[in-house]
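Biologist: Could you take me through this model? I would like to begin with the contact between the chains.

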Amino acid sequence: MTAPTLVDFDDVVARFDPTLGLEVHVELSTNTKMFCGCPTEFGAEPNTQVCPTCLGLPGSLPVVNRTAVESAMRIGLALNCSIAPWGRFARKNYFYPDMPKNFQTSQYDEPIAVDGWLDVELDDGSTVRVGIERAHMEEDTGKSLHVGGATGRIHGAEYSLLDYNRAGVPLIEIVTKMIPGTGDRAPEVARAYVTQLRELVKSLGVSDVRMDQGSMRCDVNLSLSPKASGELGTRTETKNVNSLRSVERAVRYEMTRQAGVLDAGGEIVQETRHFEEQSGSTRAGRRKETSEDYRYFPEPDLVPIAPSPEWVEELRGTLPELPWERRRRIQAEWGVSDEEIRDLVNAGALDLVEATVAAGAPSGEARSWWVSYLSQQANTREQELTDLPITPEQVARVIALVGEGELTNKMGRQVVDGVLDGEGEPDQVVEKRGLKVVSDEGALITAVDEALASQPDVAEKIRGGKIQAAGAIVGAVMKATGGQADAKRVRELVVERCSAE
Amino acid sequence: MSTDLTRLTAAELAGKIHAKEISAVEAARAHLDRIAAVDGGENGVHAFLHVAGESAIASAELVDAGIAAGTGPASSLAGVPLALKDVFTTRDMPTTCGSKILEGWQPPYDATVTARLRAAGVTILGKTNMDEFAMGSSTEHSAYGVTRNPWDRSRVPGGSGGGSAASLAAFEAPLAIGTDTGGSIRQPAAFTGTVGVKPTYGGVSRYGLVACASSLDQAGPCARTVLDAALLHEVIGGHDPLDSTSIDAPVPSVVAAARRGAEGDLSGLKVGVVRELGGEGYEPGVRTAYDASLRRLEKLGADLVEVSCPHFEYAMAAYYLILPSEVSSNLARFDAMRYGMRSTVSSGGGVASAEEVMAATREAGFGPEVKRRIILGTYALSSGYYDAYYGQAQKIRTLISRDFEAAFTQADVLVSPTTPTVPFPIGDKIDDPLAMYLNDLATIPTNLAGTAGMSVPSGLSDGLPTGLQIMAPALGEALMYRVGAAFEAARDADDGGPLIARVPEVAP
């Protein structure tokens, strides 16, 4: 296959208008599958989370997961969609070994949510309104692993392994309306949309939206039309776009590739393409001689979904504050910069810090503990920050103990270590490890006097007004007290004792 | 043994077992012996595809132990033997649906009907023969050989549930379970002189019933008397959270209704005679029996009113679009990837690809009638044809429901002959699908509307049984059983005994 001619991006946008369309699949994090009671946990031993229904065994029947329907409705409502008062599931018929029934139970012409929008904020602060065509429910397929053969696809494989743990996991497919008029910002708009959609879905608590684990997947539709022609070009659909960066790269690549084809007098073929992470390019999927006919018809094994207006309103009431609005509010409350808030979000620490602040800690200290010491601990332990065995309340308690002078910062870290190691609540750790700032002034004064006596030249310097020399005495006192003294108080005492003499 | 236990009704058997006059094990053994005597051999009935002797005895022993220990029978039918159509999953017996493609498949789970029978202490004797995936009206489409009609073993017992019906008429079991998609319980009942009930759609769980057409399939009881059918109906009926289309309402009190009906008074009830069913296209012998049935209903005090259901005329056409459409999708799962038969013939030699395995298995595993319907349904659902076929058929379906609604404003129940003919000779219609389809002319509208229907023996035509179909609105089973029981009692009284007593002895 010859390499396609790519047109320079600036040249493309000078002569063509891109039209975008994005289809995002979100895997819901419900406890059970869409149509049966099997667990959905990621990464379990193959074929251990299966039953007659998700294996499509003869005689088995589906029952709709109410939580999945609620999640779909909440996603729809958060995207400003209308919720259909009545709708049926449909069967999408096609043969493939990873689909146990050889039809996918999906929604076809009666989706649960239609006609909404999402305002997408770009880097320069401007906003693009992306129309939402629909959001519908469906079930995931199993996973195939094709072994042998060059392509890793079923054709040419020696044998294939099938894992049906994922079969029947609930999916929501969110489809945008056509997004015209984004010009040179098309790649950025695509990325910003997926970023913001991910954040929105995450804030609803209905999915962990991990693109790396496939719990959020994106297909990019793109077409070009000659500038101001008013015609819509033929689109391609690029699949396997599995990171935010890839979304941007896939759009950019397709724009430059399609322009090359059009410039050479060629025609864009309506086809499915695959994004190649390594090269950042797309390649054509297997060309189908005939267009696939899925023979959709209403699923006779399920009754229609008919959410009452009361149910819809009840769910609307559960929508959280939009993540970007919440970010702006928190930023103002804490008085932090755009960059700092972004760091918190990227570190996955925003919720934790907010909860720590809610537990009484000052925001500065709360941020500092989570972003530095606790992030380090998470790294060392190869855990997510949120999975560390310490609660925001416990962190707030440590911050309070340090703030009240009960602990030094170093001791505070030791208390956190203790909590992480399962030694109990911060106060119990303090007790068990005997971590107390030495505040018995008599003992401290004795220690200071001893240190001064053992280093008479230093003591002389201090008495002579060189206060900065006090550090050596403070260090000796700290050493003598096993680090349990409050260094600030020690310094004060050193200066006091010297001037008193 | 003074009485032949196989000649007793289920109610009688249960009474004797629960009164400790006989044991459940004795009842089971008597029927297993009978099966061994008449089911096999070249001219045997061949109602069973699988006989589960050991588990039947074990189940009966449990019932006896419970009664001996004073914990009482688990249900009104505890210890009574039953024949289960081979379309229900059973974790301790194979489930083939009469198809090669499932030969030897043992499901890892029990159907809800199976589980309810077990919980009720019913003794499951084995699995009965059927047309492949319940497609057919004669059991000739079974991959495992035809079932013979005990009334005349050169004739078919009807289908698809011919095995279940024949097992009753051959006294191999007093009870059986069938499924009715277009008449597969009622038509075999009519052909074998037994009682068969298609409950309201959603009245009995479909979980574990291997689907033919999901929106039409309904499991139901088969027996030799209306009361026995009612007893079984109450054991298997009722809401099942595993079946979304199952009705969340109490099972109609059909046992009480059957007992009341047996008292023989139908005065004040309006019985609708469907103008479009029973006239043209029905054999003279069938019409004669039907006329006599109508007179008998009048004698019982019922008011006969003629009702018209003008869209029934299109029922057959609509049915043969909706059913194959659902079949084409439901049967797609038989692809050799996970269970059942696997053919690995490669077209190009060498290792067969997954696609080739699927195609070769389906080619070798499905019989001609199943293939015919898969192809028909695939076509009907194709883009560009959907509206003209599947879409139009659904409209007809709505119109048929409206016909029923209108008719039920004029009458409490409706009646018709169950079938246009008496049992036909084996081989007679096997090469003529349209003639075969016409068997279900009178039964199909009920499936399309999701309402209830039953067939009770109405008489003989040249020594072959005929059936009267009684139809009721959704969840109107009680009235249907009452009319059925009244009719049965009157017919038996006029005839000097039950029709089934006149079935020729099947010589072992």
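Biologist: How many residues does each chain bring to the contact?

Modeller: In this predicted model, chain B contributes 32 residues to the contact and chain A contributes 27 residues.

Biologist: And which helices of chain B each supply at least two residues to the side touching chain A?

Modeller: Those are helix H10 (315–330) and helix H11 (354–365) of chain B. The largest share of that side comes from H10(B), with three residues.

Biologist: What is the make-up of that side by class?

Modeller: The side of chain B that touches chain A has 15 nonpolar, eleven polar and six charged residues.

Biologist: Now to the packing inside chain B. At what angle do H9(B) and H16(B) cross?

Modeller: The axes of helix H9 (residues 284–299) and helix H16 (residues 477–495) of chain B cross at roughly 105° and come within 10 Å. An angle of 65 to 115 degrees counts as roughly perpendicular, so H9(B) is roughly perpendicular to H16(B).

Biologist: Which residues meet there?

Modeller: From H9(B), B:Arg296, B:Leu297 and B:Lys299 meet B:Phe487, B:Ala490 and B:Arg491 of H16(B). By class, this contact has three nonpolar, three charged and no polar residues.

Biologist: A different topic: where does A:Asn346 lie, and is A:Asn346 buried or exposed?

Modeller: A:Asn346 lies in helix H7 (residues 338–346) of chain A. A:Asn346 is exposed because 10 other C-beta atoms lie within 10 Å, and a residue with 12 or fewer counts as exposed.

Biologist: What separates the C-alpha atoms of A:Asn346 and A:Glu188?

Modeller: Their C-alpha atoms are separated by 19 Å, and the two residues are 158 residues apart along the chain.

How values were computed: Residues are numbered from 1 along each chain as its sequence is written. Chains are lettered from A and ligands numbered from 1 in the order in which they are written. This is a predicted model: local features need pLDDT of at least 70, side-chain atom pairs count only at pLDDT 80 or more; totals for chains, interfaces and linings use all residues. Helices (H or I, at least four residues) and strands (E, at least two) are DSSP runs, numbered from the N terminus. A residue is buried if 20 or more other C-beta atoms lie within 10 Å of its own, exposed if 12 or fewer, and partly exposed in between; C-beta atoms are placed from the backbone. Axes are lines fitted to C-alpha atoms, for helices over the stretch in contact, and angles run from 0 to 180 degrees between N-to-C directions. Angles under 35 degrees count as roughly parallel, over 145 as roughly antiparallel, 65 to 115 as roughly perpendicular and the rest as oblique. Two residues are in contact if their C-beta atoms, placed from the backbone, lie within 7 Å. Ala, Val, Leu, Ile, Met, Phe, Trp, Tyr, Cys and Pro count as nonpolar, Asp, Glu, Lys and Arg as charged, and the others, Gly among them, as polar.
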